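Dear colleague,

Please find below the structure that I agreed to pass on to you. My findings follow directly after it.

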Amino acid sequence: MNHEWTFDDQEAFVEKLNELVQDGCTEDDLEIITPFPVHGLEETLKERPSFLKFFSLAGSLAGLLAGFAFTIYTVLSWPLITGGKPLISITAFVVIAFELTILIGAITTFIGFLILGRFPSLPGILQPRESGNRFIIIDRRRASA
Amino acid sequence: MNRKAYYDQVETDVMAAVSRPSRFYFLALLVSASMFALGMACWGYQLLTGLGVAGIRNPVGWGVYITDFVFWVGIAHSGTLISAVLFIFRARFRSSFNRSAEAMTLIAVMTAGLFPLIHLGRAWRFYYLLPYPNQRLLWVNFRSPLIWDVFAVSTYFTVSLIFFYVGLIPDLAAARRHLKGIFKWVYRVLSLGWQGTQKQWKHYNQLYLFLAAFATPLVISVHSVVSWDFAMSIVPGWHTTIFAPYFVAGAIYSGTAMVFTLVIPMRKILGLEKYITVDHFEKLAKVMLFTSLIVTYAYVIEIVLAFYSGNIFETTHFSYRMAGDYWPLWAMMILCNSILPMTVFVKSLRRNLIYLFILSLFVNVGMWLERFVIIVTALSKDYDPYSWGTYRPSLVEAGITVGSFGLFFTLFLVFVKVLPVLSITEVKEQAHES
């Protein structure tokens, strides 16, 4: 039985995919390859949302805390008053904390992407499967059966 | 033409642009590389002789080097605006410019990053800026805007680099089958083995959205911090609360102009007229016009508030800026930044690429002068008449400035020949939507 379909056209691909989902295929049964992100597939497949946002949240919070902890720790470790300002000048430290929130948040999100997407993928680098701008659906259940 | 053939065509067109250097390209590379070499020679001379070869003296301790720093950081900003902010607002025309604008961002930040080191004089002491406990266990002063700048600019560079690279991943994967030899392997490794499966796209879409969401507040914060290098001091002409929005608008304005300067010739030389259309340029011209109006508004507000305050130091400063030693530069700045861009209100002019290109050169000059005028006029005459003085850039400073343009154009020319200059994936995606 056929377990792999190739399309040149997005419409035909989406139609076939709808059909398969109607037949009870889920996200995990199908391997889908597209040349660009096709909008609406998330709804069609009823996909689980990506876990990536938790990486962003954790990274940003860590950056925020690190920014304040670092600045406060350093002024207390060598108390030196400059400009007549209080040692713990929160307003000034907000800038450092803000930048670190974004820096560590962005880096963690990228690392999260590498982990979740299993990158770098060695087979993908050594012998990439070139789909050549086609839309491909592979039904893993039938492929393994 | 069916869709798949069109997608293949996009890849072929973009990759053809990447692989075929013309004689004109080599000429351009030669000119910019020579400019860069001149700049390095001047810097070498300054390192060997001492900072005295630059024109900066008391009271004007910040001159062309700091002007160049602010100018290049400003140029960087529209790259992030075009890629991140326009992505969040779903402005379709961004996909014609986003790759080259992001490359421009990275290159401009690298160029800008050299200037604090050049300005230090003893460039090898740059590590004093970094937060580490030195031998007396003394840390950097986190209340200083200059330290904020270190954090802001290095964060900006890192996040822009990640954003640029992430945007490249699917394109490198699409392009790798068109290449041969070492390039094929470099593209394969850099694309991390991307296959374009639905699972990969799911995480990728989230990643791109989050990075855009991180980059948007970042771009505003970075130039705000740069403006605070000035505004946190009590020098008349610098010490004002409008500096942050004023600088951010100015940065996006100058960066948009630089996109015109770079992309109009690039499109012509690489034959990308089909993908970067006049409509796209017209939309970008509107962004430039809009930011020009904000900048003009800031110029007016600055002057009005100075005279409204009645503060003698403020009024003296602004009278000096408009009618003192540097008035021709101020007048030129107003002409380039506020008056000439008004012509973009005329539809036939904003659809004329040659006109836009020439206008963008004027805006680049005007925005460089803006930073020069702000920095130098404020320092020339502050409170005490005893310490007044004027500043004139030396040849070494001029040479290093020319060199920074050389570095910028050299790196951009290298970029257009090694990486896809258009976002292949997004062009394909939009072919379907339109």
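The notes below concern the contacts between the chains and then two helices of chain A.

Please bear in mind that this is a predicted model.

Chain A and chain B touch each other: 52 residues of chain A are in contact with 49 residues of chain B. On the chain B side, the elements that give two or more residues are helix H1 (3-19), helix H5 (145-175), helix H6 (181-190), helix H7 (198-231) and helix H15 (424-433). The largest share comes from H7(B), with 15 residues. Sorted by class, this side of chain B has 23 nonpolar, 16 polar and 10 charged residues.

H7 of chain B also appears in the surroundings of a helix of chain A, since it is included, together with helix H4 (90-116) of chain A, in what covers the buried residues of H3(A). Those buried residues are A:Leu52, A:Phe55, A:Ser56, A:Gly59, A:Ser60, A:Gly63, A:Gly67, A:Thr71 and A:Val75. Helix H3 of chain A runs over residues 52-77, and its 26 residues should span 38 Å at 1.5 Å a residue; the end C-alpha atoms are 37 Å apart, which agrees.

The same check was applied to H4(A): at 1.5 Å a residue, its 27 residues should span 39 Å, and the end C-alpha atoms are 36 Å apart, which agrees. Of the 27 residues of H4(A), 19 are buried, so this helix is largely enclosed by the rest of the structure. Just after H4(A), A:Arg118 takes a positive phi of about 55 degrees.

With kind regards

Conventions
Residues are numbered from 1 along each chain as its sequence is written. Chains are lettered from A and ligands numbered from 1 in the order in which they are written. This is a predicted model: local features need pLDDT of at least 70, side-chain atom pairs count only at pLDDT 80 or more; totals for chains, interfaces and linings use all residues. Two residues are in contact if their C-beta atoms, placed from the backbone, lie within 7 Å. Helices (H or I, at least four residues) and strands (E, at least two) are DSSP runs, numbered from the N terminus. Ala, Val, Leu, Ile, Met, Phe, Trp, Tyr, Cys and Pro count as nonpolar, Asp, Glu, Lys and Arg as charged, and the others, Gly among them, as polar. The expected span of a helix is 1.5 Å times one less than its number of residues. A residue is buried if 20 or more other C-beta atoms lie within 10 Å of its own, exposed if 12 or fewer, and partly exposed in between; C-beta atoms are placed from the backbone.
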